[in-house]
Amino acid sequence: MLRLWADQDFARIGLWTPVVFGMGSLAYFFLRTEPSPYLAPVCCAAAMVAARVTEKFRAVAMAAVLFFAGFVAADLRAARVDAPILDREIAFTTIVGRLVAIDEAPKSRRLVIDVSSIDRIDNLKAPKRIRVTWRGKEFAAHPGERIQIRASLSPPPPPASPGGFDFARQLYFRGIGAVGYAVSPPTVIKSENLTPVAGLRATIESLRVDLARRIIEQAPGDAGAIVAAVVTGKREAISDGAEAAFRDSGLAHLLAISGLHMGLATGLIFFAVRACLALIEPIALTQPIKKWAAAAALMSGVAYLLVSGGAWPAQRAFIMSSIIFIAIIADRRALSLRNVAIAAFVIILVTPEALLHPGFQMSFAAVTALISAYEWASAHADPLRSFSWLARSRRYVIGIAFTDTIAAAATAPYGLFHFNRTANFGLPANVVSIPVMGFWVMPMAIVALILTPFGVDGPAWRAAAAGVDVILTMGRWTMALPGAVAVFPQWPSAALGVLSLGGLWLCLMKAPWRLGGFLALPIAILMIAGNAHPQLFISNEGDNVGLVVKTPEDHRALAVFDGRKSRFDSQFWMEQAGINIAKAKPVKLSDFAPCDPDGCVIDQGTVKVAISRNLSQLDDDCLRASLVIALYPVNDRVRRACGVQIIDRRDAWSDGAHVVYFTPYQFKIVSAAERRGDRPWSRQ
């Protein structure tokens, strides 16, 4: 029977190509040290030879080829983007460079600059690209212009907690080697002669910035900012409250330019062009108007991808829709799951780091699950079903509910892993919001884009924003429901891997053994249940401590030593501990442990932790505690004299944030440096 099932699924083995290729890329990212540049290519070549000479194990050898090829792709990508990273903080320095990108929020602008020179830094050691925030109102620069700006810079931030999201890694693959804040507005010093590619990028970025400004000017408020985000991909103008409403109501996917938006944009153009051409009888009877409409839709997809910024979900959606329209032009049939596999392979080949990004993971999880589910539903559909308006309307509502349920189930593990939260009532919100987005917001946005060159686009943008207001109202109502959000402590990454492989097996296979994919669920639950969680957090600056405690109401809370410091870190610690940041705030550690001006003592059964603020009290802390957290540097002589484990500011500066796990009789310390390893993006 297993052989029969294997023969049945053999034709679908190609769908696993991006999976095995991606596993090779992930293997590179999970290493703690840089591999030899020759190891993976040699292994790949050996696997290719094995595939040529062996018949029995050819499939295994080809899988090995794909695995090592994915590893090589990631290694080459890391080498290609390698650039100097700032190794220390520099205050108030003058930077000269070319303005690459602008992201505008209501009270600030975030600028990405290709650096020509940084005062007080050797050009060979200076970052090639930086990102700074300017909070002033004065601003007259445009993308592509050569500017001078005064700013304070620091190295890209490490994770706020071991195993947390690595911003430095993300910035490394964007070529950004320093971040900071500007203390003066950018001054245009002269126009720069750009290469054709750089000039095109500057023109596109200027178009995106101007279009986002135009939309927000014509439709002020959160609704206009969301329309601007859907059209241009620039989300910085959306308020935290509106973003929370979308996130906690299960509507966050409407903010990301993904398959829904790309499908609507290209699909509306396809049907509109075809309908208009069909009205012209000589053309309709003599010309392939369907192919013409497909070509127009394909060009609109290219334009939308460029204007929207080309995020990974948008790339996936564009590749898939392009394959469909190219198939129409070539009179070929497009296979949906094959489209997903092609899109995934192309993106992983070009940008392997996308595998680590929640946008990539959630986008592909949702579309793979949906296509697989609709394949199954189509095979079991009643061929004699009614096509009356009432039956179609009923199927449309059921279809939205079915789609949302499948997409929510497919993306929930990734949302829980990356954000430690999931929206429980996304179904009613999506049943209302998806039709509004599809039949109101996106059509009006397309009309507005067509009218923009003529300067009469304002009413259309306001009409699109009115539709977003309906979605926002639904989102706020949903997020206010009791139990709308569930939060969980941090998952182990292995559990996410098990769920991913189980889901892929369930979706990509067709024979009855596909149901074996459900076995991943209990395995992952056991892994999550057995996963230890840190109870004590130490910031990467070594100036603050957070402790997970129980309140008198038996709720989990985060007690921080100094509530004025590390506020971003405190929020991240709460998320990792499974504490809802929307309904809880950090509390004072002094309310849960004896504290004085010199520090605190935390009693964890047989383990006592002293938080020391004053070097003069360190001797006493060493006598009464098993672990001392010193919020100041401690030299080696004093450390040896203490006789117990010490984590001081030097440890935090060198190894990043620390966490402490407590057991009844001992404790375990883990640093961010241990989890990150010695990689190109972790050097500082």
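Reader: What is the bridge partner of Asp 603 in β15?
Author: In this predicted model, Asp 603 has Lys 608 as its bridge partner in β15.

Reader: How do you know that strand β14 and strand β15 pair up?
Author: Just count the bridges. Pairing takes at least two bridges between the strands, and six bridges join β14 (residues 599-604) to β15 (residues 607-612). The cut-off is met, so the two strands pair, and they run antiparallel.

Reader: Where do those strands belong, and what makes a strand of that sheet an edge strand?
Author: They sit in an open sheet of five strands, ordered β13-β14-β15-β16-β17, with mixed pairing. An edge strand pairs on one side only, and here that goes for β13 (595-596) and β17 (645-647).

Reader: What about the sheet with six strands: what order do they take?
Author: The order is β12-β11-β10-β9-β18-β19, again an open sheet with mixed pairing. Its edge strands are β12 (587-588) and β19 (667-671), each pairing on one side only.

Reader: Why do β11 and β12 count as a pair?
Author: Two bridges join β11 (residues 556-560) to β12. Because pairing asks for at least two, they qualify. These strands run parallel, and Val 560 stands opposite Lys 588 in β12.

Reader: Which helix packs on that sheet, and how does its direction compare with that of β11?
Author: Helix α20 (residues 567-576) does, touching β9 (536-538), β10 (545-550) and β11. Its direction makes about 150 degrees with that of β11. Angles over 145 count as roughly antiparallel, so that label fits α20 and β11.

Reader: Why is α6 called roughly perpendicular to α17?
Author: The axes of α6 (residues 196-218) and α17 (residues 458-479) cross at roughly 75 degrees and come within 8 Å. The label covers 65 to 115 degrees, so α6 is roughly perpendicular to α17. On the α6 side the contact is made by Leu 211, Arg 214, Ile 215 and Gln 218, and on the α17 side by Gly 458, Trp 461 and Arg 462.

Reader: What kinds of residues make up that contact of α6 with α17?
Author: Three nonpolar, two polar and two charged. Gly counts as polar, so Gly 458 goes in that group.

Reader: What makes the largest cavity a cavity, as opposed to a pocket?
Author: In a cavity a 1.4 Å probe fits but cannot get out, whereas a pocket is an open set. With a cut-off of 30 Å³ or more, the count comes to one cavity, and the largest holds about 30 Å³ of space. Its lining is Val 81, Ala 83, Pro 84, Ile 85, Tyr 172, Gly 175, Ile 176 and Gly 177. By class that gives six nonpolar, two polar and no charged residues.

Reader: And the second largest pocket: what is its volume, and which residues lie nearest its centre?
Author: The volume is about 590 Å³. Of the 17 residues lining this pocket, Phe 10, Ile 13, Trp 16, Ala 59 and Ala 63 lie nearest the centre. The elements giving two or more residues to the lining are α1 (2-9), α2 (17-29) and α4 (58-80), and α4 gives the most, with five. The lining divides into 13 nonpolar, two polar and two charged residues.

Reader: Last one: which residues does Val 100 touch, leaving out those up to four places away in sequence?
Author: Val 100, in strand β1 (residues 90-105), touches Val 112, Ile 113, Asp 114, Arg 129, Pro 143 and Glu 205. To count, heavy atoms must come within 4.5 Å. As for Pro 37, it is 63 residues from Val 100 in sequence and 32 Å away, C-alpha to C-alpha.

Key. Residues numbered from 1 in each chain as written. Predicted model: local features only at pLDDT ≥ 70, side-chain atom pairs only at ≥ 80, totals over all residues. Heavy atoms only, no water. Helix = DSSP H or I, 4+ residues; strand = E, 2+ residues; numbered from the N terminus. Axes fitted to C-alpha atoms, helices over the stretch in contact; angles between N-to-C directions. Parallel < 35°, antiparallel > 145°, perpendicular 65-115°, else oblique. 1 Å grid on protein atoms, 1.4 Å probe; cavity = no way out; pocket = protein on both sides within 12 Å on 5 of 7 lines; lining within 4 Å. Points joined across faces, edges and corners; volume = space filled by probe spheres on them.
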